[in-house]
Amino acid sequence: MTKFIRNYTRNLISTESLESLKGKRVGIQGQYWITKIKINEPFQVATGGLPLTYKNITKKQIEQFKSYGITPVFVFGGLSTPKMNSGQAYIDRRLLDRSRGIIEAEKGQLQNASRNLKSSCTFYGFEGGYKFQLFITNLIEYLKELKVEVIRAPYLPEPQLTVFVDLENGFIDEVYAGQEYLLYNNKRVIINFDFNEGTFDVIKDFDFNQFYQENQNQNQNTQNWYALNKDGVVRSISFQNMREYVGFQLPQQIYFYLSQNIIGPRVLDSIISLCYFEPPPLFPSINYLDILNGELIKKYLIHSQSLLLRSLNDEFTTFTYHKIIWNNTQQQIPLDIFVVPQQNEMNQRGKKFPFCKSSQHLFKQFRDSEQNKLSENDKGKLFEQLSQPSDYISAVMKVDGKYKPLNIDLKKNRNLILFSLDTKQELLFHVHKNFLIATGYINPNYTLTSLGKPLQECILKFPQYSEMAMVFIQMLLNNSIFSDQFNYNENIFGVSLKELCTVEETEHSHQIRLISRIFSSFATKFKGDSPWSTIVYHDLLAFKGIVNLHHETLRNLFEMILLDLLLRGKSFMKLPSLSKCQFGYPCYVDESVSCGIVIRWFLEQVISGNSASEVYNNLDKQFDCFVDIYSDLKNAIQFWFDGIMGIVEYLYKAKNENEQIISEKLYQSFISANELLKSHTKNFFQKKN
C-alpha cells in the first residue's frame with residue numbers, strides 16, 4: 001500500500017514558505033524524522049555504539065524549527081502491530097551486507113565496507129530490535145532535556161497524530177510524516193523541510209475515498225487503530241476487527257507509562273501478539289544462537305512476561321506464548337509462562353510497600369539524619385553501623401577514610417547494589433532490590449549470595465563500572481564468555497560466513513581475544529562529533545551481540561519489575577521524578593567496542609615485535625577520535641586487574657548448586673590473559689613521554 005500511495009501523490013506535492021508555519025504547532029512522526037536527518041556514521045554504528053552526532057543534529061533541528069516560530073511536537077511509535085502468531089522474516093540482503101561490510105572494514109577495504117554498511121540500514125538496527133529501541137529511548141530523553149514535547153503513541157504514530165489534529169481546539173496544526181499518514185483519512189501532510197531555502201514540501205487535497213476505490217484490491221486496514229484521546233485514555237477510532245490487527249488491549253496505565261518513556265515496548269509486544277520476536281544481532285554466530293536458546297535468557301524472559309501477566313485480565317493466562325528467532329521464523333519456541341504469585345510481603349493495593357525488617361529502622365534513622373535531626377557525631381555512628389555487616393547491602397561508601405552517604409547521580413552511576421536511600425528514589429530502591437533477587441545477587445533478607453559478594457567488592461572499588469560487573473557475572477553464569485573463535489559453520493544467511501571469518505591462530509590469539517572482548521564493554525569518550533572511521537574486528541561485533549542480548553534481557557526484566565509495582569499501586573513517586581527514572585535503569589547506554597579494538601591493536605603491535613613504548617606513545621595518533629585514550633585504557637586495565645580478576649578468582653572457588661561457575665579451562669584462560677596484559681601494559685602506569 002505504501003508504494004501505491006507514494007506514486008499516487010507525486011502530482012499533489014507543492015512547495016510553500018516556512019514563514020506560513022509561524023506560530024503553529026507541528027506534529028512530527030519520530031521514526032520518519034530519524035530517516036530524514038541523515039545520520040551518516042556507518043563505522044561508528046558498526047562498532048556497536050549509538051551514533052555520536054544525533055544530539056547535535058537534533059539540537060540544531062529544534063533550533064531551526066524555533067527560528068521560524070514553529071513548535072515541534074514529537075510522536076514516536078509504541079507497540080508493534082503484528083498479526084497474532086505471525087513472525088517477521090529478517091533473512092534478507094541487509095543482514096548479509098552488514099556482515100560483509102564489517103569483514104571488509106576489518107581487511108581495510110573501507111570504501112566497499114562503507115557502501116555495504118550504509119545499504120544494510122545498520123543505524124536503524126532493524127526496527128523493533130534492542131539497538132533501535134535503545135536509540136529511541138535515548139532520543140526521547142534528550143528531547144525532554146531540550147524542553148520539547150514528546151510522547152510515545154500506544155501503537156502506530158500516524159493515528160495518534162490524526163487524533164491530535166482532530167481534537168476540538170487543535171492540539172497540533174500540521175503534521176510532518178510520510179505519505180502513510182494520509183491513509184488515515186487525512187488530506188494534508190508535510191513530507192520535507194528545507195531550512196536552507198526556508199521552504200517545505202507538502203501534499204494537499206488528498207482524497208482518501210478516491211484513492212481507496214482505485215486501490216481497493218490492496219488489503220491494509222488503516223481505519224481501526226488505538227490512540228490517546230483528549231482525556232489521555234486509549235480508545236479505538238473504530239472497534240471493528242481491532243484484535244486481528246493489534247492483538248489484545250492492555251490496561252490504560254500501561255499505555256500511559258509507555259507514552260512517558262517509563263517503560264519500553266518489547267515485553268508488551270510479546271504479550272499482545274503472543275510472540276516474542278528475536279531480531280538478528282550485530283554479527284551473528286552459532287554461539288549467539290546457542291546462548292539465545294539457553295536456559296538463563298529464557299528464564300529471565302519468562303519471568304518478565306509472568307510479572308506483567310499477573311496484573312492483566314485472567315484471559316491472558318489462557319494463551320500459549322512463543323518466541324520466534326530471525327533465522328527461522330517458521331519455528332515457534334514455546335514459552336512456559338507462569339503467573340508470579342503475590343508476595344507475602346506485599347500489602348493490599350494502594351498501601352505502601354514495606355522495607356524488610358532488617359533495614360526498616362535504619363532507613364528511618366537515615367531519613368532523620370537527612371533532615372538534620374541527628375548530630376554530625378550521630379551521623380558518623382549511623383553510617384558506620386550501616387556499613388559494618390559485610391554480608392549486607394551497604395548504604396554508604398568509605399571515602400578518604402570516612403563513611404559518606406552515596407547520593408549517587410543516577411545518570412552517571414547506575415549502582416545496582418550500593419543504593420542511595422533517598423526518599424525521592426524509594427520506588428527505584430524496591431525495583432533494584434527485586435531485580436537483584438531475581439538475578440541471584442541478594443536474598444530477600446538482603447544477604448548477599450555467592451554472586452553478590454564479588455559484585456559488592458567490585459563496586460566498592462569501582463563504582464563507575466557497577467553495571468559492567470553485574471553483566472559480566474551474568475555472562476559467566478550463562479557460559480557466554482570464552483576465548484575460542486566464534487563458530488560460523490552453519491549457513492545462517494543463505495551463504496556461509498565461515499570463509500570470510502577465517503582467522504589464522506597465533507601463539508597468543510586466545511589471550512588477545514579474551515582481553516579485547518572484555519575490554520569491548522568499557523566506555524570511551526569521543527571528541528565531539530568524531531565518529532569511528534578506522535579498524536573494525538568482526539570478533540568483537542559477534543561478542544557485542546551477546547553482550548547486547550544480556551543487556552536487553554536484564555533491562556526488560558527491570559522494566560517489568562517496575563511496571564509490576566506501578567500496576568499494583570506500589571508507586572509513591574510523583575510523575576516528574578518517575579519520568580526521570582530511566583536514568584536509574586540498567587543497560588541505559590550502548591557503548592561501542594572501541595576500547596576492545598584499541599587494546600587488541602596495541603597488543604598485536606607489541607607482540608609482533610614493535611617497541612611497547614613507541615606503540616604506546618603513538619596511540620593518540622593512531623586513534624585520534626578520543627578525548628583521552630590513555631586515561632580510558634588505564635582505567636580499563638586497572639579494572640581488569642582489580643575488578644574482573646577478583647570476580648574470576650572468587651567465582652572459580654565458589655560453588656553454585658554444587659557446580660563450578662567458572663570452568664578450569666576458562667579460569668586458566670583468564671590467568672594466562674592476565675599475565676600477558678601485565679607484561680605489556682606497564683607504560684600505562686608511567687608518565688607519558
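## Rings, cavities and loops in a predicted model

The charged end of Arg25 sits over the ring of Phe171, at 4.7 Å from the ring's centre. That is a good way into this structure, which is a predicted model. Aromatic residues offer plenty to look at, with 31 aromatic pairs in the structure. There are also 4 cavities of 30 Å³ or more, while the number of disulfides is 0. The points below are grouped so that you can follow them in the viewer.

**Aromatic pairs and a cluster**

- A pair of aromatic rings is described by how far apart the centres are and by the angle of the planes.
- Among the 31 aromatic pairs is the one made by Tyr465 and Phe522, whose ring centres are 5.2 Å apart and whose planes meet at 80°, so this pair is edge-to-face. The angle qualifies because planes over 60 degrees apart count as edge-to-face.
- Tyr465 belongs to the loop between helix 18 (452–461) and helix 19 (466–477), and Phe522 to the loop between helix 20 (509–519) and helix 21 (538–567); the pair therefore ties together parts that are 57 residues apart in sequence.
- Both Tyr465 and Phe522 are buried.
- Which residues form one aromatic cluster with Tyr465 and Phe522? They are Phe462, Phe472, Phe519, Phe639, Trp640 and Phe670.

**Charges over rings**

- Besides Arg25 over Phe171, you can look at Arg600, which lies over the face of Tyr537 at 4.0 Å from the ring centre.

**The second largest cavity**

- The second largest cavity holds about 100 Å³ of space.
- Its lining is made of 11 residues, and those closest to the centre of the cavity are Gln133, Arg266, Arg555, Asn556 and Glu559.
- Which helices each supply at least two residues of this lining? Helix 7 (130–145) and helix 21 do.
- Sorted by class, the lining of the second largest cavity comprises 3 nonpolar, 4 polar and 4 charged residues.

**Cysteines**

- With 0 disulfides in the structure, two cysteines can be viewed for their surroundings. Cys275 has a relative accessible area of 8% and is buried.
- Cys625 also counts as buried, at 7% relative accessibility. Both values fall under the 20% cut-off for a buried residue.

**Positive phi outside glycine**

- Lys147 has a phi near 65°, which is a positive value in a residue other than glycine. You will find Lys147 in the loop between helix 7 and strand 4 (149–152).
- Is Lys147 buried or exposed? Lys147 is exposed, as its relative accessible area is 72%.
- Asn261 is another residue other than glycine with a positive phi, here near 70°. Its place is the loop between helix 11 (252–259) and helix 12 (266–273).
- Asn261 counts as buried, with a relative accessibility of 0%.

**Val148 and a contact across the sequence**

- The loop between helix 7 and strand 4 also contains Val148. Val148 counts as buried at 8% relative accessibility, whereas Lys147 in that loop is exposed.
- How far apart are the C-alpha atoms of Val148 and Val73? They are separated by 6.9 Å, although the two residues are 75 residues apart along the chain.

Note on methods:
Residues are numbered from 1 along each chain as its sequence is written. This is a predicted model: local features need pLDDT of at least 70, side-chain atom pairs count only at pLDDT 80 or more; totals for chains, interfaces and linings use all residues. Side-chain values use heavy atoms; hydrogens and water are left out. Rings of Phe, Tyr and Trp (its six-membered ring) pair if their centres lie within 6.5 Å; planes under 30 degrees apart count as stacked, over 60 as edge-to-face and the rest as tilted. Helices (H or I, at least four residues) and strands (E, at least two) are DSSP runs, numbered from the N terminus. Buried means under 20% relative accessible area, exposed over 50%, partly exposed in between (1.4 Å probe, protein chains only). A charge sits over a ring if NZ of Lys or CZ of Arg is within 6 Å of the ring centre and within 35 degrees of the ring normal. On a 1 Å grid over the protein atoms alone, a cavity is a set of points where a 1.4 Å probe fits but cannot get out, and a pocket is an open set with protein on both sides within 12 Å along at least five of seven lines; lining residues have an atom within 4 Å of a point. Grid points are joined across faces, edges and corners, and a volume is the space filled by probe spheres set on the points. Ala, Val, Leu, Ile, Met, Phe, Trp, Tyr, Cys and Pro count as nonpolar, Asp, Glu, Lys and Arg as charged, and the others, Gly among them, as polar. A disulfide is a pair of cysteine sulfur atoms within 2.5 Å.
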